[in-house]
Structures are given as C-alpha cells and as structure tokens.
Amino acid sequence: MRRAIAAVAAAGLLLVGGCAEDTPDKTSEKQSAVTVFAAASLTEAFTRIGKDFEAAHPGTKVTFSFAGSSALATQIGQGAPADVFASASPTNMQTVADGGGVADAPVTFAHNQLVIATAKGNPKGIRVLADLTAAGTKVALCAEQVPCGAAAKKALTAANVTLTPVTLEQDVKAALSKVRLGEVDAALVYRTDARAAAADVDAVEFPESAGAINDYPIAVLKAAPNAAGAKAFVDYVRSPQGLVVLTTAGFQQP
C-alpha cells in the first residue's frame, strides 16, 4: 500500500512539473512577438529594421501593420492590440496620447519631406507646384486627415496654388500607386516613397516642401502585450543602426 501511494504521489509530481515546464514556454513564445503599427511611408525602412532587429534578438518576431497614421490611431483607440505606434505626424500620435494610449512620452525619430512624383521621364514637364494646375493634368493627393495630405495642403497654400485632385487617397502608398499605374500624371508624396519607387517614377523637388516637413514620433503603447520587446524595438529604431537604415531610405535625422 505504501509503495502504491508513493507511486501515485510521484506521478502527480511529474504531472505538475510537466505543466510548470509548459507555462514558461508559452509565456516566452508570447513575449517574443512585437507588433508594430507604423505609417505607410515607413514600409520599406521598417521592414528592413524589423529584419535587423530580429537578427539582433534571436527568437523575436516583429509583425507590422502599415497604413495611414490616422487610421492606425483610430484602430489603437478602438483597442487593437499593438506594442508600438510610429506615426507620420505628431497630430495622430497626440490623438493616441490624449486617449491614454501611450506608456511614455513619444519621441521624434525622423523627418520626411514632400516631392512631386511623376511618371518616369516626367512627360508633362512638371517643375513646380503651379504646373500641376495645367489643363489635362491629373493629380492625386492624400486626404487632409492623413499626414501627407496635411503637408500637401500646407505646401500648396505656401505656393498660392489651388489644386483640384482627381482622387484623394488614405495613405501615401495609395497616392503613389496612382502614378505607377498611369492613372494620374503626378502625386504629392514623401521623398522616401518616391525613392523606393525610383524604377517607376521621377521625383521633382520643390521649395515649398521645406516648410511642410513632417516629424515622425514613435512610442510604446500603454496596453502593449510585450512592453519589454516594444521598448527594445523603439530603442533599436533610434540606435545608430536604425538611423543608417532610415537615412538610406531618404529620411532626415531628427
């Protein structure tokens, strides 16, 4: 009888021990994931930074959701699970902060500037913003609530140019795609996006863009499932390695 009781007790210890071993593994697996909500204009640079971050942190998986900053801010406010938010403007970041959604004060990690994206070879001969108003010229802009749209409005006002776009897009990638597909003759997009699409479009610099530079803030979210991983990612974005990727993509240092 004593031997039977001892055997049952030993089996119970093994079962408990097995459960104890499973829990850390599951916790570790959960903690290795970092979910980043980032402005569409960060797609190429952050995809590269994500791969580099994973290489520097073995076992970590970074998942991105790229979209217009205003849409991402809305999703975060509605409770979408994410660890980090990187916005293309302080306005959308402030929306999240005002809702109590950030863990710490956001920090600016990059600047970006507008250019006029045209079809390869610039067949319309566009040189300045006023050229976008020429008869028969089709132009795409971002919607005003999107950072690239707000910057475009500011630049057009500074140039005293009134423009009626044929389409208003919800993020800069969508506006750029209209040029790449030949649906419009030009679009106001970020320098970084035009550079990433250099095989398909030309970028025309214009002076008013200097007065419409966008600051890019980043923050760890208060409800982050992986706060430690989120902080490590933010630190990596701001590290010398991250800055090299950003400047290579055409972003300006803060």
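This report walks through a helix, a sheet, a cavity and one residue of the structure above.

The model is predicted: local features need pLDDT of at least 70, side-chain atom pairs count only at pLDDT 80 or more, and totals for chains, interfaces and linings use all residues. Numbering starts from 1 along each chain as its sequence is written, and side-chain values use heavy atoms, with hydrogens and water left out.

Let us begin with the sheet. Five strands (DSSP runs of E, at least two residues, numbered from the N terminus) form an open sheet in the order 7-6-8-5-9, with mixed pairing; strands pair if DSSP finds at least two bridges between them. Strand 7 and strand 9 stand at the edges with a single partner strand each, so one side of each is left without a neighbour in the sheet. On average, neighbouring strands here are turned by 35 degrees against each other, direction ignored; axes are lines fitted to C-alpha atoms, for helices over the stretch in contact, and angles run from 0 to 180 degrees between N-to-C directions.

Strand 6 and strand 8 run parallel and are joined by two bridges, and Ala140 stands opposite Ala187 in strand 8. Helix 6 (residues 172-180; helices are DSSP runs of H or I, at least four residues) packs on the sheet, and its direction makes about 145 degrees with that of strand 8. Helix 6 touches these strands, where contact means heavy atoms within 4.5 Å:

| Strand | Residues |
|---|---|
| strand 5 | 114-119 |
| strand 6 | 139-142 |
| strand 7 | 167-169 |
| strand 8 | 186-190 |
| strand 9 | 201-204 |

In strand 5 you will find Thr118. Is Thr118 buried or exposed? Thr118 counts as buried because its relative accessibility is 1%; buried means under 20% relative accessible area, exposed over 50% and partly exposed in between, with a 1.4 Å probe and protein chains only. Not counting residues up to four places away in sequence, Thr118 touches eight residues, among them Ile126, Val179 and Val204.

Now for helix 9 (residues 240-248), where Gly242, Val245 and Leu246 are buried. They cover an arc of only 95 degrees around the axis, which puts them on the same side of helix 9; the arc is that of the directions from the helix axis to the C-beta atoms. Pro240, Val244 and Thr248, on the other side, are exposed. The buried residues of helix 9 pack against helix 2, strand 4 and helix 8. After helix 9 comes Gly250, with a positive phi near 110 degrees.
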